[in-house]
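Got your viewer open? Let's take a short walk through this model, one selection at a time.

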Amino acid sequence: ILTRTHPDNSYQSLISRVQHLKPGIPCFLAMQVLQSASERTAQGELTTVPLAGCRALAFAGLANPKQFFNSLRDSQVELVETLYFPDHHRYTSRDLTAIRDRCRDLQIKTVITTEKDIENFLVSSLVPLRVLTAKVTFEFKGNGLQRLLAQVMAEVPQ
């Protein structure tokens, strides 16, 4: 599965190289897509929020955070600043204080991060900032992967 592909690009040369090394291996293309954003209410419930027009600082501890930031921009978020952390980063109180201070300096009231990242800190650590969580998914080009999975499942004894 080739992840983080772009619909305007051709990946045939890469697919050909992979299939040269492993003849017959199926290859599938997947795009990273920003599905939605949510905010936790005072009652602890998650509510979906629009991103378009939002002015924010975004941060992420991902292997490829630029893709996440670009998807926010594509959703019409005004990213005043972006902060990169290592993949699977465990946020410290020092990290969160630095984020809060940077938002204060830039007069930003909203921060955006990923579902993956929000698991690594307490949201209350960023109060009084508004914290939005972006849900990112992968969408596959065509239905080849679904067909392969259905074929494999059909071969599994019940």
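Which elements do the buried residues of α2 pack against? Keep that one in mind while you get your bearings; note that this is a predicted model.

**Stop one: the whole chain.** Show the protein chain as a cartoon and you'll find five helices and six strands. Trace it from the N terminus and the elements go α-β-β-β-α-β-α-β-α-β-α. The chain is more spread out than a compact globule, because its radius of gyration is 19 Å, well over the 15 Å that the globule rule gives for 158 residues. Turn it around: along its principal axes, the C-alpha trace spans about 55 × 40 × 30 Å.

Now switch on the surface. About 10200 Å² of the protein chain is accessible, and carbon and sulfur atoms own 52% of that. As for the inside, 37% of the 158 residues count as buried. If you look at contacts with a separation of 6 or more, 64% of them come from residues 24 or more positions apart.

**Stop two: helix α2.** Select residues 65-74, which make up α2. Show the side chains of its buried residues: Pro 65, Gln 67, Phe 68, Phe 69, Ser 71 and Leu 72. Back to the opening question: these buried residues pack against β1 (30-40), β3 (55-60), β4 (78-84), β5 and β6. Before you leave, click on Gln 76, just after α2, where phi is positive at about 70 degrees.

**Stop three: Thr 114.** Next, select residues 110-114, strand β5, and pick out Thr 114. Is Thr 114 buried or exposed? Buried, because its relative accessible area is 4%, and the cut-off for that label is under 20%. What does Thr 114 touch beyond its neighbours within four places in sequence? Show Phe 59, Ala 60, Leu 62, Phe 68, Thr 133 and Ala 134 to see those contacts. You've met one of them already: Phe 68 is among the buried residues of α2. Then add Asp 117, whose side chain is joined to that of Thr 114 by a polar contact of 2.6 Å.

**Last stop: a patch on the surface.** Select residues 130-140 for strand β6 and go to Phe 140. Phe 140 has 35% relative accessibility, so it counts as partly exposed. Add Ile 1 and Phe 138 to the selection: together with Phe 140 they make a nonpolar surface patch of about 280 Å².

Methods. Residues are numbered from 1 along each chain as its sequence is written. This is a predicted model: local features need pLDDT of at least 70, side-chain atom pairs count only at pLDDT 80 or more; totals for chains, interfaces and linings use all residues. Side-chain values use heavy atoms; hydrogens and water are left out. Patches are made of residues with over 30% relative accessible area and no salt bridge: like charges are joined within 9 Å, nonpolar side chains (Val, Leu, Ile, Met, Phe, Trp, Tyr) within 5 Å. Accessible areas come from the Shrake-Rupley method with a 1.4 Å probe; for residues, only the protein chains shown count as cover. A salt bridge is a side-chain nitrogen of Lys or Arg within 4 Å of a carboxyl oxygen of Asp or Glu. Helices (H or I, at least four residues) and strands (E, at least two) are DSSP runs, numbered from the N terminus. Buried means under 20% relative accessible area, exposed over 50%, partly exposed in between (1.4 Å probe, protein chains only). The radius of gyration is taken over C-alpha atoms; the globule rule is 2.2 Å times the number of residues to the power 0.38. Contact means heavy atoms within 4.5 Å. A polar contact is a pair of N or O atoms within 3.5 Å; within protein, one must be able to donate a hydrogen and the other to accept it, and residues adjacent in sequence count only if both atoms are side-chain atoms.
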